[in-house]
Amino acid sequence: GSYTLIVSALGYAELSEEVTVKSGQIVNRQLYIETEASELDIVDISAEKIEAQNDVQMSVQKITPKEIEKLPTIGGESDIAQYMQVLPGVIFTGDQGGQLYIRGGSPVQNKVLLDGMIVYNPFHSIGLFSVFDTDIIRNADVYTGGYGAQYGGRISSIMDITTIDGNQSEFHGNASVSTFGAKLNLEGPIIRPKTVGGSGVSYAASAKHSYLDQSSKLFYTYIDPEGLPFQYTDLYGKVTFKGENGSKANVFGLLFDDQVRYQAISNLSWRNAGLGGNFILIPGGSPVLIDGSFAYSAYGITLVEDGVSAERRSDIAGFNGGLNFTYFIGDDEAKYGIEVIGFNTDYVFTNEIGTQIQQAQSTTELAAYFRYKKNFGKLILDPSFRLHYYASLSTLSPEPRMGIKYNATDNLRFKAAAGIYSQNLIAANSDRDVVNLFNGFLAGPDNLQDEVTLENGNTREVRHSLQKANHFIIGTEIDVTSRINVNVEGYYKIFTQVTNINRNKIFEATDADQPDVLKRDFIIEIGEAYGVDFVIKYKMKEIDLYGVYSLGRVTRWDGIQSYAPVFDRRHNVNFVGSYEFGKSRLWEFNARWNMGSGFPFTQTLGFYEKYDFSSGTGTNIGTANGDIGVIYDDLNGGRLPYYHRLDFTLKREFV
């Protein structure tokens, strides 16, 4: 009969030929095929699903430079500060000042680590840029709640950033210039390894500088012909020592500087400098991983306002270090470690009526933790326990935490987490400030009121001076397809004790006849934050889509009134899209849309003539001219209108 003979081989063009064979006949053919390169369909090799099935992964967002670059850029430079704004549960009150509020927590309740070092102010005053250069970031893990006992000292969130190691084989570098500033990155070997995988020494360095105060006079005259008053400089350097078995040690240093000069209004400047090191030790033939870090950093900020005799100043300097041991026991994992933190704070502030608040304090914190992750197949249990001792307050805080995940199917997972969290550090500004470029820090005071009045009228004894919160989170992960993933999390944070600057202080603390709420430097507040976050991701060869919807509510009680803080946004939506097209996909189109409901604000009811009684009881109000006084409605009783922004970026790469 008749047949079609087909010859195919990888790397060659396919050949087919019709052949007819009669009974008893032998047919011979010589077939010649030509070489040909074949382009295969995309193959995705990812450990994300295996990790999702074996780790609880509660309220954590893993950020890589590749994801940051998918976001429309400001000034042509992608930055993690802009990417943070599209994460679930994150609210920002404006581009200026980097005011990020994570699931009801204020900025001081978010801990930022860079290679193990505490960074006290990670965002520049302009708010569009962080102190971290995207090109040196390896990855960033952002925990918005329910994190394990290996992290402590903050009651809302953790941002853990690690940087790349320098190239051990060859020199690499890049430079860029934009209307906002310029940057330079360098990396390369100091001592090359003699064999593949051998020991060696390398370096990585980054420098950023903004000249917006000068370039804005040319490019952004429609904003202000005198230019925009923002300038910053960021320097980071790292030396890596690598061993043959994967062990390594790093030494790094940083210097971040920020300047804001509002003409005839105020001058603000801050600087963060630090030096640190970390290591990873892999003992041969042992299922244990040992890592540790130690760092020293100093941060100082000063605000001088025109017409105000006293400046506002805050300084904090100290060290932090830790040692961790991780054991791998089959599919299980045990981890324990210790941490030590010490810092000095010095703060001076003069309020609106001329009363000075001053605090200088030294504090030391010691902590130990243990965590054991047990894999039962479909069920994953991740309990942990932390003991945190605050030496300056003589207070021990036991903090149990639990994470759990159940793999119902390969594509459906349920998870939950709960824990107790504490911190001593407080902000040198009030949560009631809408925008505050002054990001100062204080150690928690030990002279708080003896009791706090609850909203139901009862009183509760104040037994310690720590800020504390309890987290409760449940969620589910759904792999709709291999390219579509949905994550839903509901959370409830109870801020059982929050320390805030007392903006109602009008008497000295020594005035025994006055109530605490009018004479204390600080007051205790109680709060709640609850809501639900929906996240959907879609990835394919050319298209990357990411959508977030957050529904939340935040309330505070200060002992007198219940109010919504300025970052209480009920609805928040973010969509991010990226599309690569053209020959070799050298074109890239990025888009971001954000829509949020209105923030709360205090409305004005009316005005009146206000006298300062400068002549005492002799002031004649019949002939004197008073100032304009304002009558306010309830604190944050009104709502601003809805807000939205739409950003586009079109990029073309030339190779």
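**Note on strand pairing, a surface patch and one tyrosine**

1. Before the separate points, it should be said that this is a predicted model. A good place to start is the pairing of strand β33 with strand β38 (residues 643-652), which runs in the antiparallel sense and is made over ten bridges. Within this pairing, M595 has H644 in β38 as its bridge partner.

2. On the subject of β33, a second pairing deserves attention, since strand β32 (residues 571-581) and strand β33 (residues 587-596) are also joined in the antiparallel sense over ten bridges. A reader who wishes to find the register can look at V576, which stands opposite R592 in β33. The two strands form a hairpin with five residues between them, and in that turn G582 has a positive phi of about 90 degrees.

3. Which residues make up the nonpolar patch on the surface? The patch is formed by Y579, W587, F589, L646, F648 and L650, which together have about 600 Å² of accessible area. The elements that give two or more residues to this patch are β33 and β38, and the largest share, three residues, comes from β38.

4. One member of the patch can be followed further, namely L650, which is placed in strand β38. Is L650 buried or exposed? Its relative accessibility is 53%, and because the exposed class begins over 50%, L650 counts as exposed.

5. Elsewhere in the chain, five strands form an open sheet with mixed pairing, and their order is β3-β8-β9-β6-β7. At the edges stand β3 (60-63) and β7 (117-118), each of which has a single partner strand, so that one side of each is left without a neighbour in the sheet.

6. For the edge strand β7, the pairing with strand β6 (residues 110-114) is antiparallel and is made over two bridges. Here L113 stands opposite I118 in β7.

7. A last point concerns Y203, which lies in strand β12 (residues 200-210). With a relative accessibility of 24%, Y203 counts as partly exposed, because that class lies between the buried limit of under 20% and the exposed limit of over 50%. When residues up to four places away in sequence are not counted, Y203 touches G166, N167, F171, L186, E187, G188, P189, I190, K238 and V239. As for its position relative to T623, which is 420 residues apart from Y203 along the chain, the C-alpha atoms of the two residues are separated by 74 Å.

Definitions and conventions
Residues numbered from 1 in each chain as written. Predicted model: local features only at pLDDT ≥ 70, side-chain atom pairs only at ≥ 80, totals over all residues. Heavy atoms only, no water. Pairing = 2+ DSSP bridges. Helix = DSSP H or I, 4+ residues; strand = E, 2+ residues; numbered from the N terminus. Patch = residues over 30% accessible without salt bridge, like charges linked within 9 Å, V, L, I, M, F, W, Y side chains within 5 Å. Areas by Shrake-Rupley, 256 points an atom, 1.4 Å probe, with all protein chains shown as cover. Salt bridge = Lys/Arg side-chain N within 4 Å of Asp/Glu carboxyl O. Buried < 20%, exposed > 50% of the residue type's maximum accessible area, 1.4 Å probe, protein only. Contact = heavy atoms within 4.5 Å.
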